[in-house]
Amino acid sequence: MMAGVGGGNDFQWCFSQVKGAIDEDVAEADIISTVEFNYSGELLATGDKGGRVVIFQREQESKNRLLSRGEYNVYSTFQSHEPEFDYLKSLEIEEKINKIRWLPQQNAAHFLLSANDKTIKLWKISERDKRAEGYNLKDEDGRLQDQFRITTLRVPVLMPMDLMVEASPRRIFANAHTYHINSISVNSDYETYLSADDLRINLWHLEITDRSFNIVDIKPANMEELTEVITAAECHPHQCNVFVYSSSKGTIRLCDMRAAALCDRHSKFFEEPEDPSSRSFFSEIISSISDVKFSHSGRYMMTRDYLSVKVWDLNMENRPVETYQVHEYLRSKLCSLYENDCIFDKFECCWNGSDSAIMTGSYNNFFRMFDRNTRRDITLEASRENSKPRAILKPRKVCTGGKRKKDEISVDSLDFNKKILHTAWHPKENVIAVAATNNLYIFQDKMN
Amino acid sequence: MFSKGTKRKFSDGGEEISDESLLGARVASSYSLQRQSLLDMSLIKLQLCHMLVEPNLCRSVLIANTVRQIQEEMTHDGSWHMVTEAFCSAGQSPSERLVATEVLCRSREQDAEPKLFSVISYEGCCEEEVVADETLCSVSVSDTVSNVCLAGRMGQCWEKSELSGIERDEEALEDSRLGSGEEEEIDTEDGASTESPKTIGQVFGTFEIKNGSPGPDSALEELFSDVDTSYYDLDTMLTGMQSAPKMGPYDLLDSLAPSHSSPSIVSTPNCRSDLNELDHIMEIIVGS
């Protein structure tokens, strides 16, 4: 039995909740494009293609319901980005939210950054549960009274009101990206953050919106010579001068901002030598890295390419320390996947809170988890069929050839339209959020 | 599949063709058929990327690299020569067919070479383009210099051109090979651009005059604060508007993909609706 990933042999994943419409007809705007827990795990944010952000909040665990952890309920919904029109190019700028990143909480309000292709916005989400009443400055119709009519000084009193959660844009960071933004990452100094597009990476100060520093620029002087683009970037979790960025050629560069203002020269260069026996016309495409994530410890980083997830030790540049095959059975189907463009799908990956396990998505609404200590892996499915409360998820298996066993699914039956690109793991607990097209699934461990 | 493996060449000559060499020949031809089909598929993908809202640069680069790989291998084989002979109308040498990323992402015009870019250039603007680009990327956008050059270029742009709904190649937009214009080729485009650009030209003309004086003009800054000049290149917009497209290597691909028509046909309705929309937007802005 392939259970046990994420925390011990008795460990099993159970269905907890699913959010989103049940309709077979999926509205394009409802497709979830990013999922992110905040630092405490109390809040879970999703962004969609329609430019909306939905934040879920975990309810307090009640002592009466011992068998279930707190559920996530909608806390706030707001329109983060609107479609824009670029007059010069005569093109629409999509409102799709590419990334959401939370800021660490410093006061009662919550802050997050949300980015579409061109613009990053800092949103403040705050609660209001009191209202000031008792002003005597206005008459019954709401008009301001003449000053001579006001004869007493009345101090308004704070009265409780129904909880209202407000989201307001506090900063708009615009006009700094010619190409499409693929990553944003908050620095450990909590004052700056980086944003990366296909060819450039900019460093911003959270308070300053009218300028940013360009720290990486790989745009060639002659665009005809362009053969490589930036695919993802992230700040180191502890060292505020270090960041990494990955490329479409399967390389990762680690840069130190103390070395130079423009970090075109990397401090470390991570690349695994290619296996000549498996070389094909698709080798480069499948080596393109779609996501890069530092471990919480800061000692490792993980990269996702089309068929595998690799864990790198920052001290070793010539090869990864661990490689996990996500769906190796697709290697023989690369031509079809190239034809239907699935080969360009960008899967994300994530660590669990203790860095002992990693998770990433696949097709047919499957997602995979790998335990780094036990080397066990498991394939699970996000589907409405397994959506009874606390139902244990059954491991899934793809049959690669020969006789298909019962409960196995053959490669040709996989639904390539059902792709899980975005997943998130609670920073402290075994709770995971999996985005399956327009539905958000929340799974948690079975409490023994 | 398309793994390289070991290729066996056709054995020449005929007395006895052994089973082995026949099999080898079949494998080789099947491989080159597959390779050719991959090449065709890739070229179609590159062209279709112009139909989308905005091409995904990563995808375009990866496809272009794949095409280059195939081309290099075919050149090695000597089979690329046969391909280019089939396509070439004017006997250009095969080496010219070793296309770079940027050309692959452009329209299928055969002689849409550096020459064409220089047609729509505006002399003296190429440096400004670079400056504006850097300005946008690293310094405050409220820089006066960039605003002035923005307005100047916009005026010229709209007077000469018509919006193309097709040419979206960002790499071409960034191309800095803006040389001196060539009068003849500018004239041939006039047929396509008539009514609406004049209105827009007038509108932008007034902006140009307004912005003649230096110093920050807050209304104008606000108007252009969303504008990204580094995207700004007329060349590619007009590339798709050539009235009489010559038969180029990529025209043959049109027949491979019957579902999508050549740009000159599709662009006009798109252009008109885009222009109407722009007209409307400009009226609102000017009116206020």
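A salt bridge, as I'll use the term today, is a side-chain nitrogen of Lys or Arg within 4 Å of a carboxyl oxygen of Asp or Glu. Hi everyone, and please keep in mind that what we're looking at is a predicted model.

Let's put that definition to work in chain A. A:Arg372 and A:Glu322 form a salt bridge, and their closest N and O atoms are 2.8 Å apart. This pair ties together distant parts of the chain: A:Arg372 sits in the loop between β26 and β27, A:Glu322 belongs to strand β23, and their positions lie 50 residues apart in the numbering. Are these two residues buried or exposed? Both A:Arg372 and A:Glu322 are buried.

Now for a second pair. A:Lys333 makes a salt bridge with A:Asp412, with 3.0 Å between the closest N and O atoms. Here too, distant parts of the chain are linked: A:Lys333 is in the loop between β23 and α2, A:Asp412 is in the loop between β29 and β30, and the two are 79 residues apart. As for cover, A:Lys333 has a relative accessible area of 26%, so it counts as partly exposed. A:Asp412 has 63%, which makes it exposed, because the cut-off for exposed is over 50%.

A third pair is A:Lys394 with A:Asp407, whose closest N and O atoms are 3.5 Å apart. Both of these residues sit in loops, A:Lys394 between β27 and β28 and A:Asp407 between β28 and β29, 13 residues apart. A:Lys394 is partly exposed at 46% relative accessibility, and A:Asp407 is partly exposed at 45%.

There is also a network of salt bridges in chain A, which links A:Asp30, A:Asp48 and A:Arg52. How many salt bridges turn up over all chains? A search of the whole structure finds 30.

Before we leave chain A, a word about its surface. A:Tyr135, A:Leu137 and A:Leu144 form a nonpolar patch there, and together they have about 350 Å² of accessible area. A:Tyr135 lies in the loop between β10 and β11, and its relative accessible area of 52% makes it exposed.

On to chain B. What does its secondary structure consist of? Chain B has 14 helices and 0 strands. Of its 288 residues, 50% are buried. The chain exposes about 13,500 Å², with carbon and sulfur atoms supplying 57% of that area. Take the contacts in chain B between residues at least 6 apart in sequence: 85% of them join residues at least 24 apart.

Let's zoom in on helix α2 of chain B, residues 57–77. Its 21 residues, at 1.5 Å a residue, should span 30 Å, and the end C-alpha atoms are indeed 30 Å apart, so the two values agree. This helix is mostly covered, with 17 of its 21 residues buried. At its start, a side-chain oxygen of B:Asn56 comes to within 3.1 Å of the backbone nitrogen of B:Cys58. Just after the helix, B:Gly78 takes a positive phi of about 90°.

One last residue: B:Leu43, in helix α1 of chain B. With a relative accessible area of 9%, B:Leu43 is buried, because buried means under 20%. Its C-alpha atom is separated by 8.1 Å from that of B:Ala64, which is 21 residues away along the chain.

That's my tour, and I'm happy to take questions.

Methods: Residues numbered from 1 in each chain as written. Chains lettered and ligands numbered in written order. Predicted model: local features only at pLDDT ≥ 70, side-chain atom pairs only at ≥ 80, totals over all residues. Heavy atoms only, no water. Patch = residues over 30% accessible without salt bridge, like charges linked within 9 Å, V, L, I, M, F, W, Y side chains within 5 Å. Areas by Shrake-Rupley, 256 points an atom, 1.4 Å probe, with all protein chains shown as cover. Helix = DSSP H or I, 4+ residues; strand = E, 2+ residues; numbered from the N terminus. Buried < 20%, exposed > 50% of the residue type's maximum accessible area, 1.4 Å probe, protein only. Expected span 1.5 Å × (residues − 1). Polar contact = N/O pair within 3.5 Å; in protein donor to acceptor, adjacent residues only side chain to side chain. Contact = heavy atoms within 4.5 Å.
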